[in-house]
Amino acid sequence: MSASLHFLPGCEAAAMRLAAALGIDGRPVSVRRFPDGESLVQVAESGQTALLFCPLDHPDAKLIQVLLAASALRDRGATRVMLVAPYLGYMRQDMAFSPGEAVSQRLIGGLIARGFDGLVTVDPHLHRTARLEDVVPGIAALVVSAASTIAQAIAASVTADTILVGPDAESRQWVEAVAAPLGLETMIGEKRRLGDRKVEIVLPGTARAAARPAMLVDDLVSSGGTLLECARQLASAGAILRGAIATHCLADADDLAVLARGGIDRVLATDTVPGPASTIAMAPALAAAIRRAGWVEHGTGMARVP
Ligand code: R5P
């Protein structure tokens, strides 16, 4: 079955890295915004399998655009259209925390399930819904872990006495998965969110971080408030802050400057979301998962659009 990869504006570099890792063509999707805000989407010729690449950060407009592109790819002959959303937004709202709130994860997952035949993403923020399959019912769902890629990326810059620190119970899975191959100690906090940018964090046993290197680890950096609060507590315990590492970094250059002033002078992230900190390529891990699932077959000839 022939295959092609199509990507929305703004994520060309990561998309082309994945296309190269898969040995298939990467083709831009053109998006024109009308003055009233509507989107006109146009896709190039497609293979029988179309991979549509789009990180779903700042997702509202992009969600409509990927649904339009999926429909256009089917019109161009794709018999299956798979969404490659290395970052999948809207996963945190998995219940109504106050009466009347929309359960975004369920609704957005349902939309994706109706528009696509498969979804692959990296470290989705799943909490009460344990499996990605349950978010997108009825379609193929692949979760790629960034842990081993991140562990490799930091291996040369951590010493054996470094503690990896996660801010909350949800981060435990990611912190431990990065720490294990490196044989590092971990520390996991408890977090209470007080507002969009304000959190309260209790880090148990910070005394053991005194005079030791500490690196913050989380799945997602958004406002950076979580990292700043952890950094504040670690610094007052006498730890030597060695920056932060995250799977997804939504922070822009201004946010990173605020983090630097708070003692986090280095933030590293994977390239699931384009941005100044997003330097660790996930293409090899994504390509391996896509091939294992049989979405793109081995062999350049079969994989290329004729
Ligand atoms: C939430 O539980 C996530 O794992 C992150 O800790 C959170 O989204 C980070 O948000 P912010 O950077 O705005 O504090």
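User: What kind of unit do E9, helix H6 and E10 make?
Analyst: In this predicted model, strand E9, helix H6 (residues 172-182) and strand E10 form a β-α-β unit that is right-handed. The two strands, E9 with residues 163-166 and E10 with residues 185-188, pair in the parallel sense over four bridges.

User: And which residue stands opposite Gly166?
Analyst: Gly166 has Ile188 of E10 opposite it.

User: OK, now the six-stranded sheet: what's the strand order?
Analyst: The order is E2-E1-E5-E6-E7-E8, in an open sheet with parallel pairing. Its edges are strand E2 (25-28) and strand E8 (140-144), each of which pairs on one side only, and neighbouring strands are turned against each other by 20° on average when direction is ignored.

User: How many bridges between E7 and E8?
Analyst: There are five bridges between E8 and strand E7 (residues 118-122), which pair in the parallel sense, and within this part of the sheet Val120 stands opposite Leu142 in E8.

User: Which strands does helix H9 touch?
Analyst: Helix H9 (residues 283-292) packs on the sheet and touches strand E5 (49-53), strand E6 (80-84), E7 and E8, while its direction makes about 150° with that of E8.

User: What about H1, which of its residues are buried?
Analyst: In helix H1 (residues 12-22), the buried residues are Ala14, Ala15, Leu18, Ala19 and Leu22. Viewed down the axis of H1, they fall within an arc of 140°, so they line one face of the helix.

User: What do they pack against?
Analyst: The buried residues of H1 pack against strand E1 (3-7), E2, E5, E6 and H9. On the face of H1 turned away from that buried side are the exposed residues Glu12 and Ala20.

User: Which residue just after H1 has a positive phi?
Analyst: That is Gly23, just after H1, with a positive phi of about 70°.

User: Switching topic, how many disulfides are there?
Analyst: The count comes to zero disulfides, where a pair of cysteine sulfur atoms would have to lie within 2.5 Å to qualify.

User: Why is Cys230 not in a bond?
Analyst: Cys230 is not bonded because the closest cysteine sulfur, in Cys249, is 15 Å from its own sulfur, which is too far for a bond. Likewise, Cys249 is in no disulfide, with the sulfur of Cys230 as the nearest cysteine sulfur.

User: Are those two cysteines buried or exposed?
Analyst: Cys230 is buried, with a relative accessible area of 0%, and Cys249 is buried as well, with a relative accessible area of 1%.

Terms used: Residues numbered from 1 in each chain as written. Predicted model: local features only at pLDDT ≥ 70, side-chain atom pairs only at ≥ 80, totals over all residues. Heavy atoms only, no water. Pairing = 2+ DSSP bridges. Axes fitted to C-alpha atoms, helices over the stretch in contact; angles between N-to-C directions. Contact = heavy atoms within 4.5 Å. Right-handed = clockwise from strand over helix to strand, strands pointing away. Buried < 20%, exposed > 50% of the residue type's maximum accessible area, 1.4 Å probe, protein only. Arc of directions from axis to C-beta.
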